[in-house]
Amino acid sequence: MTSQKTSLLIGQQVCLQSPASILLATKYDVTSKQTFLLASMYVFRALQASYWLPSMTSQVNKPPYWPASWPPPPAVLWYHRTSLLHPHQHAHRLSVQVEEEGGGSSTSKLHLHSVSIEDSGNYSCLPVGGSAASVTLHVSSDEPRAAVQLEGVSSGGGRGRGKEGMCVWLLYISELRTMSQRPVCKIGPSILNADLSNLHHACEKMLDSGADYLHLDVMDGHFVPNLTFGHPLVKCLRPKVPDAFFDMHMMVANPAEWVEPMADAGADQYTFHIEATSDPTALSRKIKEAGMKVGIGIKPGTGVEAVLPYVDAADMILVMTVEPGFGGQKFMADMMEKVRVLRQTFPEMDIEVDGGVGLATIDQCAQAGANMIVSGSAVVGASDPKAVIAQMRAAVVKGLDK
Ligand SMILES: O=C(CO)[C@H](O)[C@H](O)COP(=O)(O)O
(Lines give C-alpha, C1' and ligand atoms only; values in the text may rest on other atoms or scores of the structure.)
Protein backbone atom coordinates (compact mmCIF):
# COMPACT_ATOMS: atom_id res chain seq x y z
CA MET A 1 0.00 0.00 0.00
CA THR A 2 1.22 3.50 -0.72
CA SER A 3 0.90 6.20 1.91
CA GLN A 4 -2.31 8.22 1.99
CA LYS A 5 -1.33 11.52 0.41
CA THR A 6 -4.37 13.59 1.33
CA SER A 7 -5.84 14.44 4.69
CA LEU A 8 -8.79 12.27 5.45
CA LEU A 9 -12.02 13.84 6.57
CA ILE A 10 -14.97 11.77 7.55
CA GLY A 11 -16.97 10.96 4.45
CA GLN A 12 -14.07 11.45 2.10
CA GLN A 13 -13.09 8.58 -0.13
CA VAL A 14 -9.80 6.82 0.38
CA CYS A 15 -8.26 4.25 -1.92
CA LEU A 16 -6.65 1.15 -0.56
CA GLN A 17 -4.98 -1.63 -2.40
CA SER A 18 -7.25 -4.63 -2.42
CA PRO A 19 -7.65 -6.71 -0.35
CA ALA A 20 -7.66 -4.24 2.49
CA SER A 21 -8.19 -4.79 6.14
CA ILE A 22 -9.99 -2.54 8.49
CA LEU A 23 -9.89 -2.07 12.19
CA LEU A 24 -12.76 -0.76 14.23
CA ALA A 25 -12.18 0.01 17.85
CA THR A 26 -14.26 1.36 20.63
CA LYS A 27 -13.43 3.90 23.26
CA TYR A 28 -15.58 4.44 26.29
CA ASP A 29 -14.81 7.62 28.16
CA VAL A 30 -15.38 7.00 31.84
CA THR A 31 -15.74 10.67 32.76
CA SER A 32 -18.18 11.81 30.09
CA LYS A 33 -19.88 8.40 29.84
CA GLN A 34 -19.58 8.63 26.05
CA THR A 35 -18.83 5.79 23.70
CA PHE A 36 -16.83 6.54 20.60
CA LEU A 37 -16.45 4.16 17.76
CA LEU A 38 -13.23 4.74 15.92
CA ALA A 39 -12.36 3.32 12.57
CA SER A 40 -9.15 3.23 10.70
CA MET A 41 -8.15 1.75 7.37
CA TYR A 42 -4.92 0.02 7.07
CA VAL A 43 -3.60 -3.12 5.61
CA PHE A 44 -1.46 -5.05 7.90
CA ARG A 45 -1.84 -4.80 11.58
CA ALA A 46 -3.88 -3.39 14.36
CA LEU A 47 -2.94 -0.04 15.71
CA GLN A 48 -1.44 -0.34 19.11
CA ALA A 49 -3.75 1.86 21.07
CA SER A 50 -5.65 1.66 24.30
CA TYR A 51 -9.28 2.43 24.85
CA TRP A 52 -10.71 3.01 28.24
CA LEU A 53 -13.69 1.09 29.38
CA PRO A 54 -15.31 1.39 32.78
CA SER A 55 -14.12 -0.89 35.50
CA MET A 56 -15.51 -4.27 34.65
CA THR A 57 -14.81 -7.90 34.24
CA SER A 58 -14.01 -9.14 30.77
CA GLN A 59 -17.32 -10.95 30.39
CA VAL A 60 -20.93 -9.88 30.13
CA ASN A 61 -24.03 -11.91 30.85
CA LYS A 62 -24.94 -14.21 28.00
CA PRO A 63 -27.61 -12.70 25.74
CA PRO A 64 -30.64 -15.02 25.32
CA TYR A 65 -29.64 -15.95 21.77
CA TRP A 66 -26.05 -16.89 22.67
CA PRO A 67 -25.51 -20.65 21.98
CA ALA A 68 -24.78 -22.61 25.15
CA SER A 69 -21.78 -24.36 23.60
CA TRP A 70 -19.94 -21.10 22.93
CA PRO A 71 -17.58 -19.43 25.36
CA PRO A 72 -19.00 -16.50 27.31
CA PRO A 73 -19.34 -13.33 25.24
CA PRO A 74 -16.69 -10.63 25.49
CA ALA A 75 -17.13 -7.31 27.25
CA VAL A 76 -17.88 -5.54 23.97
CA LEU A 77 -20.36 -6.86 21.43
CA TRP A 78 -19.92 -5.89 17.79
CA TYR A 79 -22.68 -5.80 15.19
CA HIS A 80 -22.69 -5.54 11.40
CA ARG A 81 -26.04 -4.07 10.48
CA THR A 82 -28.30 -6.01 12.84
CA SER A 83 -26.19 -9.17 13.03
CA LEU A 84 -24.05 -9.90 16.01
CA LEU A 85 -20.53 -10.69 14.80
CA HIS A 86 -19.39 -14.07 16.03
CA PRO A 87 -15.60 -14.43 15.70
CA HIS A 88 -16.00 -18.17 16.35
CA GLN A 89 -18.00 -18.55 13.16
CA HIS A 90 -15.88 -16.31 10.93
CA ALA A 91 -12.41 -16.76 12.34
CA HIS A 92 -10.72 -16.25 8.96
CA ARG A 93 -12.61 -13.07 8.16
CA LEU A 94 -12.69 -11.23 11.41
CA SER A 95 -11.20 -11.20 14.84
CA VAL A 96 -12.16 -9.47 18.04
CA GLN A 97 -9.57 -8.91 20.68
CA VAL A 98 -10.27 -7.67 24.16
CA GLU A 99 -7.09 -6.90 26.00
CA GLU A 100 -7.35 -6.28 29.70
CA GLU A 101 -4.60 -4.13 31.08
CA GLY A 102 -5.64 -4.03 34.72
CA GLY A 103 -7.11 -1.10 36.63
CA GLY A 104 -10.35 -1.32 34.70
CA SER A 105 -8.70 -0.50 31.41
CA SER A 106 -9.48 -2.63 28.38
CA THR A 107 -9.07 -2.47 24.65
CA SER A 108 -11.50 -3.98 22.19
CA LYS A 109 -10.58 -4.27 18.53
CA LEU A 110 -12.61 -5.63 15.65
CA HIS A 111 -10.35 -6.51 12.75
CA LEU A 112 -11.94 -7.36 9.38
CA HIS A 113 -9.54 -9.11 7.04
CA SER A 114 -9.70 -8.72 3.27
CA VAL A 115 -12.62 -6.33 3.16
CA SER A 116 -15.14 -6.98 0.37
CA ILE A 117 -18.35 -5.34 -0.82
CA GLU A 118 -20.42 -7.51 1.51
CA ASP A 119 -18.66 -5.86 4.42
CA SER A 120 -20.28 -2.51 3.62
CA GLY A 121 -22.85 -1.15 5.99
CA ASN A 122 -23.31 -0.01 9.50
CA TYR A 123 -21.06 -1.28 12.27
CA SER A 124 -21.90 -0.74 15.89
CA CYS A 125 -20.48 -1.80 19.17
CA LEU A 126 -21.95 -2.10 22.61
CA PRO A 127 -19.59 -2.08 25.55
CA VAL A 128 -20.97 -3.40 28.80
CA GLY A 129 -22.03 -0.46 30.93
CA GLY A 130 -21.76 1.88 27.95
CA SER A 131 -24.03 2.94 25.12
CA ALA A 132 -23.79 1.86 21.50
CA ALA A 133 -21.85 3.77 18.84
CA SER A 134 -21.75 3.18 15.11
CA VAL A 135 -20.00 3.90 11.86
CA THR A 136 -20.96 3.28 8.24
CA LEU A 137 -18.47 1.59 5.96
CA HIS A 138 -18.71 1.69 2.16
CA VAL A 139 -16.59 -0.64 0.08
CA SER A 140 -16.59 -0.55 -3.71
CA SER A 141 -14.76 -2.85 -6.08
CA ASP A 142 -12.97 -0.49 -8.46
CA GLU A 143 -10.36 -2.89 -9.75
CA PRO A 144 -7.47 -3.12 -9.27
CA ARG A 145 -7.99 -0.99 -6.20
CA ALA A 146 -10.84 -1.10 -3.77
CA ALA A 147 -12.28 2.14 -2.55
CA VAL A 148 -13.29 2.30 1.04
CA GLN A 149 -15.32 5.16 2.37
CA LEU A 150 -16.28 5.76 5.93
CA GLU A 151 -18.88 8.18 7.08
CA GLY A 152 -20.84 9.13 10.10
CA VAL A 153 -18.63 8.09 12.95
CA SER A 154 -21.07 8.60 15.77
CA SER A 155 -20.74 8.67 19.48
CA GLY A 156 -23.21 7.16 21.86
CA GLY A 157 -24.88 8.90 24.76
CA GLY A 158 -27.07 11.09 22.57
CA ARG A 159 -24.45 13.62 21.51
CA GLY A 160 -23.90 12.68 17.90
CA ARG A 161 -20.50 13.16 16.33
CA GLY A 162 -18.48 15.24 18.76
CA LYS A 163 -15.26 17.18 18.54
CA GLU A 164 -13.46 14.65 20.70
CA GLY A 165 -14.38 11.85 18.32
CA MET A 166 -13.17 13.85 15.35
CA CYS A 167 -9.85 14.67 17.02
CA VAL A 168 -9.17 11.09 17.83
CA TRP A 169 -10.15 10.10 14.32
CA LEU A 170 -7.67 12.48 12.73
CA LEU A 171 -4.99 11.34 15.14
CA TYR A 172 -5.49 7.83 13.93
CA ILE A 173 -5.22 8.81 10.32
CA SER A 174 -1.90 10.46 11.00
CA GLU A 175 -0.71 7.26 12.66
CA LEU A 176 -1.91 5.39 9.60
CA ARG A 177 0.31 7.52 7.41
CA THR A 178 3.43 6.79 9.36
CA MET A 179 2.67 3.08 9.36
CA SER A 180 2.07 2.85 5.63
CA GLN A 181 5.38 1.56 4.38
CA ARG A 182 6.38 -0.92 1.77
CA PRO A 183 8.30 -3.92 3.02
CA VAL A 184 12.04 -3.61 2.60
CA CYS A 185 14.25 -6.39 1.28
CA LYS A 186 16.55 -7.79 3.95
CA ILE A 187 18.97 -10.65 3.51
CA GLY A 188 19.91 -12.58 6.66
CA PRO A 189 22.50 -15.31 6.34
CA SER A 190 22.00 -18.31 8.61
CA ILE A 191 25.30 -19.24 10.22
CA LEU A 192 24.09 -22.79 10.94
CA ASN A 193 26.55 -24.35 8.53
CA ALA A 194 29.38 -21.89 9.22
CA ASP A 195 32.54 -22.78 11.15
CA LEU A 196 31.09 -22.33 14.65
CA SER A 197 34.58 -22.43 16.20
CA ASN A 198 35.25 -19.18 14.36
CA LEU A 199 31.77 -17.75 14.50
CA HIS A 200 32.49 -14.10 14.85
CA HIS A 201 34.68 -14.13 11.74
CA ALA A 202 31.91 -15.88 9.81
CA CYS A 203 29.48 -13.20 11.00
CA GLU A 204 31.81 -10.36 10.07
CA LYS A 205 32.32 -11.88 6.62
CA MET A 206 28.55 -12.00 6.06
CA LEU A 207 28.08 -8.41 7.22
CA ASP A 208 30.96 -7.25 5.01
CA SER A 209 29.30 -9.07 2.12
CA GLY A 210 26.13 -7.01 2.46
CA ALA A 211 24.02 -8.98 4.94
CA ASP A 212 21.29 -6.88 6.55
CA TYR A 213 20.98 -9.09 9.61
CA LEU A 214 22.18 -12.38 11.03
CA HIS A 215 19.81 -15.32 11.49
CA LEU A 216 20.94 -17.40 14.47
CA ASP A 217 19.45 -20.90 14.74
CA VAL A 218 18.90 -22.12 18.30
CA MET A 219 18.00 -25.82 18.53
CA ASP A 220 17.32 -27.70 21.75
CA GLY A 221 17.21 -31.34 20.61
CA HIS A 222 13.49 -31.53 21.55
CA PHE A 223 11.57 -29.26 19.20
CA VAL A 224 13.94 -30.35 16.44
CA PRO A 225 16.27 -33.36 16.31
CA ASN A 226 19.44 -31.29 16.46
CA LEU A 227 21.44 -29.20 18.92
CA THR A 228 23.19 -25.92 18.33
CA PHE A 229 23.81 -23.21 20.92
CA GLY A 230 22.02 -21.00 23.42
CA HIS A 231 22.18 -17.57 24.97
CA PRO A 232 25.74 -17.90 26.39
CA LEU A 233 27.13 -18.03 22.87
CA VAL A 234 24.96 -15.10 21.78
CA LYS A 235 26.26 -13.11 24.74
CA CYS A 236 29.86 -13.80 23.68
CA LEU A 237 29.13 -12.96 20.06
CA ARG A 238 27.36 -9.66 20.75
CA PRO A 239 30.43 -7.52 21.59
CA LYS A 240 32.28 -8.88 18.53
CA VAL A 241 29.60 -7.66 16.13
CA PRO A 242 27.98 -4.87 18.15
CA ASP A 243 25.90 -3.38 15.34
CA ALA A 244 24.53 -6.57 13.81
CA PHE A 245 20.80 -7.29 14.08
CA PHE A 246 20.39 -10.73 15.68
CA ASP A 247 17.26 -12.58 14.53
CA MET A 248 17.03 -15.53 16.92
CA HIS A 249 15.26 -18.50 15.35
CA MET A 250 14.17 -20.36 18.47
CA MET A 251 13.61 -23.98 17.49
CA VAL A 252 12.97 -24.92 21.10
CA ALA A 253 10.19 -26.75 22.93
CA ASN A 254 9.67 -24.04 25.55
CA PRO A 255 10.28 -20.67 23.89
CA ALA A 256 8.98 -18.65 26.88
CA GLU A 257 11.86 -19.95 28.99
CA TRP A 258 14.60 -18.23 27.00
CA VAL A 259 13.10 -14.79 26.39
CA GLU A 260 14.88 -12.91 29.18
CA PRO A 261 18.24 -14.71 28.78
CA MET A 262 18.23 -13.97 25.05
CA ALA A 263 17.28 -10.33 25.58
CA ASP A 264 20.04 -10.06 28.15
CA ALA A 265 22.49 -11.66 25.71
CA GLY A 266 21.77 -8.97 23.12
CA ALA A 267 19.17 -10.52 20.79
CA ASP A 268 17.15 -8.08 18.68
CA GLN A 269 14.34 -10.28 17.40
CA TYR A 270 12.96 -13.44 18.98
CA THR A 271 11.27 -15.78 16.54
CA PHE A 272 9.35 -18.60 18.18
CA HIS A 273 7.38 -21.38 16.56
CA ILE A 274 3.62 -21.28 16.87
CA GLU A 275 3.68 -25.08 17.29
CA ALA A 276 5.70 -24.69 20.50
CA THR A 277 3.32 -22.52 22.50
CA SER A 278 -0.29 -22.61 23.62
CA ASP A 279 -0.41 -18.83 24.12
CA PRO A 280 1.27 -16.92 21.27
CA THR A 281 -0.27 -13.63 22.41
CA ALA A 282 1.19 -13.81 25.93
CA LEU A 283 4.55 -14.95 24.58
CA SER A 284 4.63 -12.09 22.06
CA ARG A 285 3.89 -9.64 24.85
CA LYS A 286 6.67 -11.11 26.98
CA ILE A 287 9.13 -10.74 24.10
CA LYS A 288 8.14 -7.12 23.52
CA GLU A 289 8.37 -6.37 27.21
CA ALA A 290 11.91 -7.76 27.12
CA GLY A 291 12.71 -5.20 24.42
CA MET A 292 12.88 -7.48 21.37
CA LYS A 293 10.92 -7.66 18.15
CA VAL A 294 8.56 -10.60 17.73
CA GLY A 295 8.81 -13.20 14.98
CA ILE A 296 6.35 -16.08 14.68
CA GLY A 297 7.34 -19.12 12.66
CA ILE A 298 5.31 -21.93 11.10
CA LYS A 299 6.65 -25.34 10.14
CA PRO A 300 5.83 -26.81 6.71
CA GLY A 301 2.97 -28.90 8.12
CA THR A 302 1.25 -25.92 9.76
CA GLY A 303 -1.37 -24.03 7.77
CA VAL A 304 -1.02 -20.30 7.36
CA GLU A 305 -4.38 -19.77 9.06
CA ALA A 306 -2.77 -20.83 12.36
CA VAL A 307 -0.74 -17.63 12.44
CA LEU A 308 -3.35 -15.16 11.13
CA PRO A 309 -4.92 -14.38 14.54
CA TYR A 310 -1.50 -13.43 15.90
CA VAL A 311 -0.18 -11.26 13.09
CA ASP A 312 -1.16 -8.14 15.00
CA ALA A 313 1.13 -9.14 17.84
CA ALA A 314 4.11 -9.87 15.59
CA ASP A 315 6.73 -7.87 13.71
CA MET A 316 7.52 -10.70 11.34
CA ILE A 317 6.09 -14.02 10.18
CA LEU A 318 8.51 -16.80 9.26
CA VAL A 319 7.40 -19.40 6.74
CA MET A 320 9.70 -22.43 6.96
CA THR A 321 10.58 -23.84 3.56
CA VAL A 322 12.23 -26.96 4.98
CA GLU A 323 11.52 -29.06 8.06
CA PRO A 324 13.44 -27.19 10.74
CA GLY A 325 16.52 -28.86 12.16
CA PHE A 326 19.22 -28.92 9.52
CA GLY A 327 20.81 -26.68 6.93
CA GLY A 328 21.34 -27.71 3.33
CA GLN A 329 17.90 -29.26 2.72
CA LYS A 330 15.77 -29.04 -0.42
CA PHE A 331 13.53 -25.98 -0.76
CA MET A 332 9.79 -26.77 -0.50
CA ALA A 333 8.19 -24.75 -3.28
CA ASP A 334 4.67 -25.59 -2.12
CA MET A 335 5.21 -23.33 0.91
CA MET A 336 5.03 -20.31 -1.42
CA GLU A 337 1.24 -20.34 -1.30
CA LYS A 338 1.47 -19.43 2.41
CA VAL A 339 3.75 -16.52 1.57
CA ARG A 340 1.34 -15.36 -1.14
CA VAL A 341 -1.63 -15.44 1.24
CA LEU A 342 0.30 -13.51 3.88
CA ARG A 343 1.55 -10.91 1.40
CA GLN A 344 -1.92 -10.39 -0.10
CA THR A 345 -3.48 -10.01 3.32
CA PHE A 346 -0.70 -7.98 4.92
CA PRO A 347 1.05 -5.96 2.19
CA GLU A 348 3.35 -4.23 4.66
CA MET A 349 4.27 -7.16 6.90
CA ASP A 350 7.80 -8.52 7.16
CA ILE A 351 7.57 -12.06 5.78
CA GLU A 352 10.62 -14.29 6.12
CA VAL A 353 11.45 -17.52 4.34
CA ASP A 354 14.02 -19.97 5.63
CA GLY A 355 15.37 -23.23 4.28
CA GLY A 356 16.93 -24.15 0.96
CA VAL A 357 16.87 -20.56 -0.26
CA GLY A 358 19.59 -19.68 -2.75
CA LEU A 359 20.02 -18.42 -6.28
CA ALA A 360 18.01 -21.32 -7.71
CA THR A 361 14.98 -20.65 -5.52
CA ILE A 362 15.06 -16.94 -4.70
CA ASP A 363 12.78 -15.97 -7.61
CA GLN A 364 9.97 -18.13 -6.26
CA CYS A 365 10.30 -16.49 -2.83
CA ALA A 366 10.44 -13.03 -4.36
CA GLN A 367 7.44 -13.57 -6.63
CA ALA A 368 5.39 -14.87 -3.71
CA GLY A 369 6.17 -11.71 -1.75
CA ALA A 370 8.82 -12.64 0.83
CA ASN A 371 11.01 -9.71 1.85
CA MET A 372 13.21 -11.25 4.57
CA ILE A 373 15.42 -13.92 3.13
CA VAL A 374 17.32 -16.40 5.25
CA SER A 375 19.97 -18.24 3.35
CA GLY A 376 22.49 -20.62 4.87
CA SER A 377 24.58 -22.91 2.71
CA ALA A 378 23.99 -20.91 -0.48
CA VAL A 379 25.62 -17.82 1.02
CA VAL A 380 27.97 -19.14 3.69
CA GLY A 381 29.34 -21.81 1.33
CA ALA A 382 29.68 -19.47 -1.66
CA SER A 383 33.08 -18.45 -2.99
CA ASP A 384 31.67 -14.94 -3.49
CA PRO A 385 28.96 -14.37 -0.86
CA LYS A 386 28.77 -10.69 -1.77
CA ALA A 387 27.67 -11.54 -5.33
CA VAL A 388 25.12 -14.08 -4.09
CA ILE A 389 23.61 -11.60 -1.62
CA ALA A 390 23.48 -8.91 -4.31
CA GLN A 391 21.71 -11.23 -6.77
CA MET A 392 19.21 -12.34 -4.19
CA ARG A 393 18.53 -8.74 -3.24
CA ALA A 394 17.92 -7.78 -6.87
CA ALA A 395 15.37 -10.59 -7.23
CA VAL A 396 13.52 -9.63 -4.05
CA VAL A 397 13.43 -5.92 -4.88
CA LYS A 398 12.00 -6.81 -8.29
CA GLY A 399 9.36 -9.02 -6.64
CA LEU A 400 8.34 -6.30 -4.20
CA ASP A 401 8.11 -3.73 -6.99
CA LYS A 402 5.77 -5.73 -9.18
O1 LIG B 1 16.44 -22.95 10.28
C2 LIG B 1 17.17 -23.58 9.57
C3 LIG B 1 17.07 -25.05 9.58
O4 LIG B 1 16.17 -25.43 10.54
C5 LIG B 1 18.22 -22.91 8.75
O6 LIG B 1 18.19 -21.52 9.00
C7 LIG B 1 18.04 -23.10 7.29
O8 LIG B 1 17.87 -24.39 6.93
C9 LIG B 1 19.15 -22.41 6.52
O10 LIG B 1 20.01 -23.25 5.90
P11 LIG B 1 19.96 -23.56 4.34
O12 LIG B 1 19.80 -22.27 3.62
O13 LIG B 1 21.26 -24.23 4.09
O14 LIG B 1 18.78 -24.46 4.11
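This briefing describes the fold, the ligand site, the salt bridges and three selected residues of the structure above. The model is a predicted one. The protein chain has 402 residues, of which 52% are buried. It contains nine helices and 18 strands. The ligand is surrounded by 19 residues, and the protein covers 99% of the 360 Å² of accessible area that the ligand has on its own.

**Overall fold**

- The secondary structure of the protein chain consists of 18 strands and nine helices by count.
- Among contacts in the protein chain with a separation of 6 or more, 62% are between residues 24 or more positions apart.
- The protein chain has an accessible surface of about 17,100 Å², and carbon and sulfur atoms account for 54% of that surface.

**Ligand site**

- Of the 19 residues that surround the ligand, the closest are Gly325, Gly328, Gly356, Gly376 and Ser377.
- The residues of this shell comprise eleven polar, six nonpolar and two charged.
- Serine 377 places a polar side-chain atom 2.3 Å from an oxygen atom of the ligand.
- Histidine 249 has a polar side-chain atom 3.4 Å from an oxygen atom of the ligand.
- Phenylalanine 326 takes part through its backbone, where a polar atom is 3.4 Å from an oxygen atom of the ligand.
- Together, the protein atoms cover 99% of the ligand's own accessible area of 360 Å².
- Strand E12 (214-219) and strand E13 (246-251) are the elements that give two or more residues to the shell around the ligand.
- Strand E12 gives the most to this shell, contributing three residues.

**Salt bridges**

- Side chains of opposite charge can pair when their charged atoms come close.
- The model has six salt bridges by count, including the three pairs described below.
- Lysine 186 and aspartate 350 form a salt bridge through their side chains, with an N to O distance of 3.2 Å.
- Lysine 186 belongs to strand E11 (residues 186-189) and aspartate 350 to strand E17 (residues 350-354), so this pair ties together parts that are 164 residues apart in sequence.
- Within this pair, lysine 186 is partly exposed, at a relative accessible area of 24%, whereas aspartate 350 counts as buried because its relative accessibility is 14%, below the 20% limit for a buried residue.
- Aspartate 212 and arginine 393 form a salt bridge in which the closest N and O atoms are 2.9 Å apart.
- This second pair links distant parts of the chain, 181 residues apart: aspartate 212 is in the loop between helix H2 (199-208) and E12, and arginine 393 is in helix H9 (residues 385-401).
- Aspartate 212 is partly exposed with a relative accessible area of 34%, and arginine 393 is partly exposed with a relative accessible area of 24%.
- Glutamate 337 and arginine 340 form a salt bridge with the closest N and O atoms 3.1 Å apart.
- Both residues of this third pair lie in helix H6 (residues 336-345), where they are three residues apart, about one turn of the helix.
- Arginine 340 is partly exposed, with a relative accessible area of 34%, and glutamate 337 is partly exposed, with a relative accessible area of 45%.

**Aspartate 247 in strand E13**

- Aspartate 247 is found in strand E13, one of the elements that give two or more residues to the ligand shell.
- This aspartate is buried, with a relative accessible area of 0%.
- Not counting residues up to four places away in sequence, aspartate 247 touches Tyr213, Leu214, His215, Leu216, Gln269, Thr271, Met316 and Glu352.
- The side chains of aspartate 247 and glutamine 269 are joined by a polar contact of 3.3 Å.
- Aspartate 247 and tyrosine 213 are 34 residues apart along the chain, and their C-alpha atoms are separated by 7.1 Å.

**Two helix residues**

- Serine 284 has its place in helix H5 (residues 280-289) and is buried, with a relative accessible area of 2%.
- Leaving aside neighbours within four places in sequence, serine 284 is in contact with Phe272, Val294, Ile296 and Ala313.
- Glutamate 260 is found in helix H4 (residues 259-265) and is partly exposed, with a relative accessible area of 44%.
- The C-alpha atoms of glutamate 260 and histidine 231 are separated by 9.6 Å, the two residues being 29 residues apart along the chain.

Technical notes
Residues numbered from 1 in each chain as written. Predicted model: local features only at pLDDT ≥ 70, side-chain atom pairs only at ≥ 80, totals over all residues. Heavy atoms only, no water. Near = heavy atom within 4 Å. Polar contact = N/O pair within 3.5 Å; in protein donor to acceptor, adjacent residues only side chain to side chain. Areas by Shrake-Rupley, 256 points an atom, 1.4 Å probe, with all protein chains shown as cover. Helix = DSSP H or I, 4+ residues; strand = E, 2+ residues; numbered from the N terminus. Nonpolar A, V, L, I, M, F, W, Y, C, P; charged D, E, K, R; others polar. Salt bridge = Lys/Arg side-chain N within 4 Å of Asp/Glu carboxyl O. Buried < 20%, exposed > 50% of the residue type's maximum accessible area, 1.4 Å probe, protein only. Contact = heavy atoms within 4.5 Å.
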